[in-house]
Structures are given as structure tokens and as C-alpha cells.
Amino acid sequence: MPVTQEEIREHLRANVRVVVQVAGPGDGSPEVAWGDTFFYVRDHSGHPKKMPFVTIVTKDYEGFDTASNLDRGGLFRLNIDVGKEKFEALFGFEPRDLELYSDRFDVTSVSQLFPHPVYGASSWVSIINPGSEATDMVNSILEFSLERALERSRA
């Protein structure tokens, strides 16, 4: 069951249709993203889709995504695209209604699932440094997201 960044990478990389990119110099990614990980699925022609279905971010993005305060040291946030129905099943409301419920979530908490601080309304969920108590849940959500991404790539 994945818990560390590398375990998450290895877990998803086990599927041959998954492309794992750790952003860095020379790959065309912006410098602010260096060190962060992006997971894509290959489409029917073998090319990676343009949008990731999972990301791992290791720092705050000043002026854009700082709510989780990842710069506290040693933290990473796993972000997973789950779709509207799964989001509603996890939280009990539709993603479009997130603003009405956002005060329920501490987006700085460790090993607690919450709507993504920026992309929650687009059906993304997040967890900071998932602990061993969260591994089953994280694994289940990762598998769901992977299957969803694979299915969407076939369409």
C-alpha cells in the first residue's frame, strides 16, 4: 500500500499505461513545479494525455496554491481526480457546492482527506503525507482514479 512519494510512484507506474513525470530541468516544466510528480495515462495511440489524473506537490505555489502550507518542511500533498460522483460519495455534497462546505475542512491537516484547495470544485481530492491509517483509503481512491482515467482515455 503506497504511503511515501516513491511508493505512490511505483504503485501507479506498475500499470504500463501510466506515465510518471517528476518535473525537473530540461523537461519543459516550469521551475516552480520541479520536484513535483505528475501522473498521466497513455491514450489509444500511446501518447500521454495532456492532463494528469494524479499529482504530488511538495511545496506551496506562491500566489496560486498556498492554503495547505506545504512549506512547513517534509510535506507533500497527493492530489487525485475522482470525478463528481466519487467526490460526492466521499464528502456528501457535489463539488460545485464546495464553497458552502469549505469551512468543514482543514487543508493543512496531515493524513486527512479533503477537497483540493484550488481544484476541489473540479472534483479533485487531496491528502497531505498519508499515514499508515490512510493507506487502504488512498489505495482505493488511487485505483478508482486510475481506472477512471484509463476508461476516459479509451473514449
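Is Ser111 buried or exposed? At 8% relative accessibility, Ser111 counts as buried. The legends below describe close-up views of a predicted model.

**View 1. Two residues other than glycine have positive phi values, Ser111 and Asn129.**
Ser111 is found in the loop between H3 and S5. Its phi is near 60°. Burial applies here too: the relative accessibility of Ser111 is 8%. Asn129 lies in another part of the chain, the loop between S6 and H4. The phi of Asn129 is about 40°.

**View 2. Six strands make up an open antiparallel sheet.**
The strand order is S1-S2-S3-S4-S6-S5. S1 (18-22) and S5 stand at the edges with a single partner strand each, so one side of each has no neighbour in the sheet. S1 and S2 are joined by five bridges and run antiparallel. Within that pairing, Val20 has Phe39 of S2 as its bridge partner. S4 and S6 (residues 124-128) are also antiparallel, and five bridges join them. There, Arg77 is partnered by Ile128 in S6.

**View 3. Strand S2 is covered on both faces.**
Five of the five residues of S2 are buried, so the strand is largely enclosed by the rest of the structure. In a regular strand, side chains alternate between the two faces of the sheet. Thr37, Phe39 and Val41 lie on one side of S2. Phe38 and Tyr40 lie on the other. S2 pairs with S3 in the antiparallel sense over three bridges. Thr37 stands opposite Ile56 of S3. Phe38 stands opposite Thr55 of S3.

**View 4. Strand S3 is also covered on both faces.**
Val54 and Ile56 are buried on one side. Thr55 and Val57 are buried on the other. S3 pairs with S2 through three antiparallel bridges. Its pairing with S4 is antiparallel too, over four bridges. Val54 stands opposite Ile80 of S4.

**View 5. The largest pocket holds about 470 Å³ of space.**
The lining consists of 21 residues. Closest to the pocket centre are Phe38, Pro52, Thr55, Tyr61 and Tyr119. Which strands each supply at least two residues of this lining? They are S2 (37-41), S3 (54-57) and S4 (77-81). Two of the residues closest to the centre, Phe38 and Thr55, stand opposite each other across the S2 and S3 pairing. By class, the lining has twelve nonpolar, seven polar and two charged residues.

**View 6. The second largest pocket holds about 200 Å³ of space.**
Helix H4 (residues 135-154) gives the most to this lining, with five residues. Among the lining residues are Ser145, Arg148, Ala149, Arg152 and Ser153. Others include Val41, Lys49, Met51, Pro52, Phe53, Asp81 and Trp124. Pro52 lines this pocket, and Pro52 is also one of the residues closest to the centre of the largest pocket. By class, the lining has six nonpolar, two polar and four charged residues.

**View 7. Phe91 and Phe105 form an edge-to-face pair.**
The count of aromatic pairs in the model comes to seven. For Phe91 and Phe105, the ring centres are 5.3 Å apart and the planes stand at 85°, so the pair is edge-to-face. Phe91 lies in helix H2 (residues 83-91) and Phe105 in the loop between H3 (98-101) and S5 (114-115), so the pair ties together parts that are 14 residues apart in sequence. Phe91 is buried, with a relative accessible area of 13%. Phe87, Phe91, Phe93, Tyr101 and Phe105 form one aromatic cluster.

**View 8. Phe114 of strand S5 is buried.**
The relative accessibility of Phe114 is 1%. Its C-alpha atom is separated from that of Phe91 by 8.3 Å. Along the chain, Phe114 and Phe91 are 23 residues apart.

**View 9. The charged end of Lys86 sits over the ring of Phe144.**
The charged end of Lys86 is 5.0 Å from the centre of that ring.

Conventions:
Residues are numbered from 1 along each chain as its sequence is written. This is a predicted model: local features need pLDDT of at least 70, side-chain atom pairs count only at pLDDT 80 or more; totals for chains, interfaces and linings use all residues. Side-chain values use heavy atoms; hydrogens and water are left out. On a 1 Å grid over the protein atoms alone, a cavity is a set of points where a 1.4 Å probe fits but cannot get out, and a pocket is an open set with protein on both sides within 12 Å along at least five of seven lines; lining residues have an atom within 4 Å of a point. Grid points are joined across faces, edges and corners, and a volume is the space filled by probe spheres set on the points. Ala, Val, Leu, Ile, Met, Phe, Trp, Tyr, Cys and Pro count as nonpolar, Asp, Glu, Lys and Arg as charged, and the others, Gly among them, as polar. Rings of Phe, Tyr and Trp (its six-membered ring) pair if their centres lie within 6.5 Å; planes under 30 degrees apart count as stacked, over 60 as edge-to-face and the rest as tilted. Buried means under 20% relative accessible area, exposed over 50%, partly exposed in between (1.4 Å probe, protein chains only). A charge sits over a ring if NZ of Lys or CZ of Arg is within 6 Å of the ring centre and within 35 degrees of the ring normal. Two strands pair if DSSP finds at least two bridges between them.
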